[in-house]
Amino acid sequence: MAAKEGKDYDMHIKLLMLGDTGVGKTCLLLRYAYDSFSPTFITTIGIDFKIKHVELDGLHVKLQIWDTAGQERFRTITVSYFKGAHGVALVYDVTDRDTFEAIRHWVKQIQEHAESNVSIVLIGNKCDKEQLRMVSRAEGEELAREINAPFFETSAKTNINVEDAFNKMAVMTKNSMMLQESTSRPSDGSLMVDDPNVRLTGSGKGGCC
Ligand SMILES: Nc1nc2c(ncn2[C@@H]2O[C@H](COP(=O)(O)OP(=O)(O)OP(=O)(O)O)[C@@H](O)[C@H]2O)c(=O)[nH]1
Ligand SMILES: [Mg+2]
């Protein structure tokens, strides 16, 4: 789909990967963006991002996915990226209960520092390590209900649910941004988008949402 004004996308969505160090944020992103996996742990320093272009309901969407460092010493940098995020993937490791307990801390951080309408998806990663599991699927589902977020158990290693989790986050975020856009649309029906990163093509009446 050709986007207007020389852009190669209709909508630019910024997503943030959050969670404790070692839960697999970078691996999930590398699986989603490049379909690759490495068993070697190279902790993220500061922040990194990957771009992925996807087609959602006929719109060409540019996903910019920020991969934050889970280590405490980078917390100030991490928090400074909250404001620009439209959606957040909150990740824990199903074999490490502490990372699950930390999710409530991350939710508080989001409430304090992110936009109020940010979309959240909860991800329990490393579900391939069934023998070492410390957090049940039911516990994950319960927490997801509590924080009102869709829930996925994933494996970056064996590629379980990774695409589904990111796609859900992208669709939720897109719909929420379009809802905001439509509520700020003037009565003459013309498009008015508060966020300069949101670029919609056509009349805005086309087949999405
Ligand atoms: N078995 C298994 N191992 C995984 C999976 N995802 C990640 N890992 C491993 O877990 C370790 C940490 O993964 P990372 O993706 O670097 O973790 P991170 O959350 O980005 O960590 P920080 O950058 O420090 O915040 C690495 O050794 C990965 O190979 C998974 O789904 N299954
Ligand atoms: Mg990382």
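## Exercises: strands, core and ligand shell

S1 and S3 pair in the parallel sense over 7 bridges. Two strands count as paired if DSSP finds at least two bridges between them. The model is predicted, so local features need pLDDT of at least 70 and side-chain atom pairs count only at pLDDT 80 or more, while totals for chains, interfaces and linings use all residues. Residues are numbered from 1 along each chain as its sequence is written, with chains lettered from A and ligands numbered from 1 in the order in which they are written.

**Exercise 1.** Find out which residues stand opposite isoleucine 13 in S3 and leucine 16 in S4.

*Solution.*
- Start with S3: leucine 63 is the bridge partner of isoleucine 13.
- Now go to S4, which runs parallel to S1 and is joined to it by 4 bridges.
- There, valine 88 sits opposite leucine 16.

**Exercise 2.** Work out how many helices and strands the protein has, and write down their order.

*Solution.*
- Helices (H or I, at least four residues) and strands (E, at least two) are DSSP runs, numbered from the N terminus.
- Counting them gives 6 helices and 6 strands.
- Reading from the N terminus, you get β-α-β-β-α-β-α-α-β-α-β-α.

**Exercise 3.** Explain why S1 is largely enclosed by the rest of the structure, then look at its part in the largest nonpolar core.

*Solution.*
- A residue is buried if 20 or more other C-beta atoms lie within 10 Å of its own, exposed if 12 or fewer, and partly exposed in between, with C-beta atoms placed from the backbone.
- S1 is largely enclosed because 6 of its 8 residues are buried.
- A nonpolar core is a set of buried Ala, Val, Leu, Ile, Met, Phe, Trp, Tyr and Cys residues joined through C-beta atoms within 7 Å.
- The largest one has 44 residues, and Leu15, Val88, Ala89, Leu90, Val91 and Val121 touch the most other members.
- S1 gives the most to this core, with 6 residues.

**Exercise 4.** Describe the shell around ligand 1 by its nearest residues, its main helix and its classes.

*Solution.*
- A residue is near a molecule if its C-beta atom, placed from the backbone, lies within 6 Å of it.
- Of the 23 residues around ligand 1, Gly24, Thr26, Phe41, Thr44 and Gly70 come nearest.
- Helix H1 (residues 25-34) gives the most to this shell, with 3 residues.
- Ala, Val, Leu, Ile, Met, Phe, Trp, Tyr, Cys and Pro count as nonpolar, Asp, Glu, Lys and Arg as charged, and the others, Gly among them, as polar.
- Sorted that way, the shell has 6 nonpolar, 12 polar and 5 charged residues.
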